[in-house]
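Please read the sequence and the structure below side by side, and keep both in view while the paragraphs that follow move from one region to the next.

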Amino acid sequence: MQTIADRLINARQEIDNAIASANRNPHSVRLLAVSKTKPVSDIELAYEAGQRLFGENYIQEGVDKIQTLEHLSDIEWHMIGPIQSNKTKIVAEHFDWVQSIDRLKIARRLNDQRPEGMPPLNVCIQLNIEQETTKSGIIPGELPALVQEIINLPRLCLRGLMAIPAADVTPQAQHQTLAALQSLYNDVAAQVDTVDTLSVGMSGDMCEAIAYGSTMVRIGTAIFGARQQQN
Ligand SMILES: *Cc1c(COP(=O)(O)O)cnc(C)c1O
């Protein structure tokens with residue numbers, strides 16, 4: 001049976017292969033290990049295997065893990081799930097990144113609630129390019145205004161864009177979505193110095209996403225195995 005360490009090596013190898021096929025710079029794509037629903041012991045195994053970026057979807061679960069693993073101080077914790085406005089405070093107090101910003105109200109609250117002693121909270125704006133009703137994220141037309149608002153919030157640092165493109169589409173539709181994301185990302189990166197992250201690509205579409213400029217892939221199942229809970 002493959003261990004978490006084995007699966008991490010495979011995931012990194014796949015990323016390196018995709019980078020090479022796309023003729024991109026080595027190390028231009030970071031791997032976010034999505035540990036939602038998985039126990040702290042799995043995160044510790046991944047950490048021992050050199051993994052430092054972890055993503056969580058559920059706020060309380062994520063905060064509990066962050067507190068339990070406080071001694072592993074070089075872990076970078078990413079919130080990648082939806083955030084209700086009554087939960088922003090604990091997110092602002094514990095996470096290093098929030099990738100799922102989908103409205104100004106959430107950004108403002110995170111800014112106001114980010115503790116003074118901590119560095120600015122890194123954030124990505126979540127896009128819903130295909131306008132799927134089941135997914136959060138803004139439509140492209142709303143992006144310029146939200147970028148302008150967020151760069152004026154001093155306790156947030158805008159790092160880029162995040163998206164979860166639909167999986168069950170034709171290759172042509174998939175490429176169209178990825179190309180649109182890359183183009184929106186390039187526009188924002190050209191305007192805002194701190195923007196360096198296009199978070200797109202999961203187990204099923206990682207290679208295509210890397211071909212279209214992804215700088216961060218988010219992988220759960222392929223590292224930690226199948227989840228009991230649906231999500
Ligand atoms: C769960 C999740 C992932 C990882 O999904 P896998 O299919 O387990 O690789 C990535 N991104 C987001 C936003 C998720 O919710």
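Which elements each supply at least two residues of the lining of the largest cavity? In this predicted model, the two elements that do so are β5, which covers residues 121-127, and α7, which covers residues 171-191. The structure holds one cavity of 30 Å³ or more, and the space in the largest cavity comes to about 50 Å³. Its lining is made up of Q126, L127, N128, I129, E130, K135, S136, A163, I164, P165, T177 and L181. Sorted by class, six of these lining residues are nonpolar, four are polar and two are charged.

From the enclosed space we can turn to an open one. The second largest pocket has a volume of about 240 Å³, and it is lined by R12, I15, D16, I19, H27, V29, R30, L31, G50, Q51, R52 and L53. Two elements, α1 (4-21) and β1 (30-34), give two or more residues to this lining, and the largest share, four residues, comes from α1. By class, the lining of the second largest pocket has five nonpolar, three polar and four charged residues.

One of the residues that line this pocket, R52, also takes part in a contact with an aromatic ring, since it lies over the face of Y47 at 3.6 Å from the ring centre. 

How many aromatic pairs does the model contain? The count comes to one aromatic pair, which is formed by F54 and W77, with 5.9 Å from centre to centre and 40° between the planes, and which is described as tilted. The term follows from the angle, because planes under 30 degrees apart would count as stacked and planes over 60 as edge-to-face, with the rest counted as tilted. The two partners come from distant parts of the chain, F54 from strand β2 (residues 53-56) and W77 from strand β3 (residues 76-79), and they are 23 residues apart. Are these two rings buried or exposed? F54 counts as buried because its relative accessibility is 0%, and W77 is buried as well, with a relative accessible area of 4%.

The cysteines can be taken next. A disulfide is a covalent bond between the sulfur atoms of two cysteines, and the structure holds zero disulfides. For C124, the nearest cysteine sulfur is that of C157, which is 9.7 Å away, and C124 is in no disulfide; the criterion asks for a pair of cysteine sulfur atoms within 2.5 Å, so a separation of 9.7 Å does not meet it. C124 is buried, with a relative accessible area of 0%, whereas C207, at 38% relative accessibility, counts as partly exposed.

The backbone offers another subject, namely residues other than glycine with a positive phi. Where in the chain does N23 lie? N23 is placed in the loop between α1 and β1, and its phi is near 55°, a positive value in a residue that is not a glycine. With a relative accessibility of 71%, N23 counts as exposed. T37, found in the loop between β1 and α2 (40-48), likewise is not a glycine and has a positive phi, of about 70°. T37 is partly exposed, its relative accessible area being 24%, which puts it in the class between the limit of under 20% for buried and over 50% for exposed.

Two further residues help to relate separate stretches of the chain. E142 lies in the loop between β5 and α6, the latter running over residues 143-151, and E142 is partly exposed, with a relative accessible area of 42%. The C-alpha atoms of E142 and G81 are separated by 20 Å, and these residues are 61 residues apart along the chain. Q148 lies in helix α6 itself and is partly exposed, with a relative accessible area of 40%. What distance separates the C-alpha atoms of Q148 and L184? These C-alpha atoms are separated by 14 Å, for two residues that are 36 residues apart along the chain.

Notes
Residues numbered from 1 in each chain as written. Predicted model: local features only at pLDDT ≥ 70, side-chain atom pairs only at ≥ 80, totals over all residues. Heavy atoms only, no water. Phe/Tyr/Trp six-rings, centres within 6.5 Å; stacked < 30°, edge-to-face > 60°. Buried < 20%, exposed > 50% of the residue type's maximum accessible area, 1.4 Å probe, protein only. Lys NZ or Arg CZ within 6 Å of the ring centre and 35° of its normal. 1 Å grid on protein atoms, 1.4 Å probe; cavity = no way out; pocket = protein on both sides within 12 Å on 5 of 7 lines; lining within 4 Å. Points joined across faces, edges and corners; volume = space filled by probe spheres on them. Nonpolar A, V, L, I, M, F, W, Y, C, P; charged D, E, K, R; others polar.
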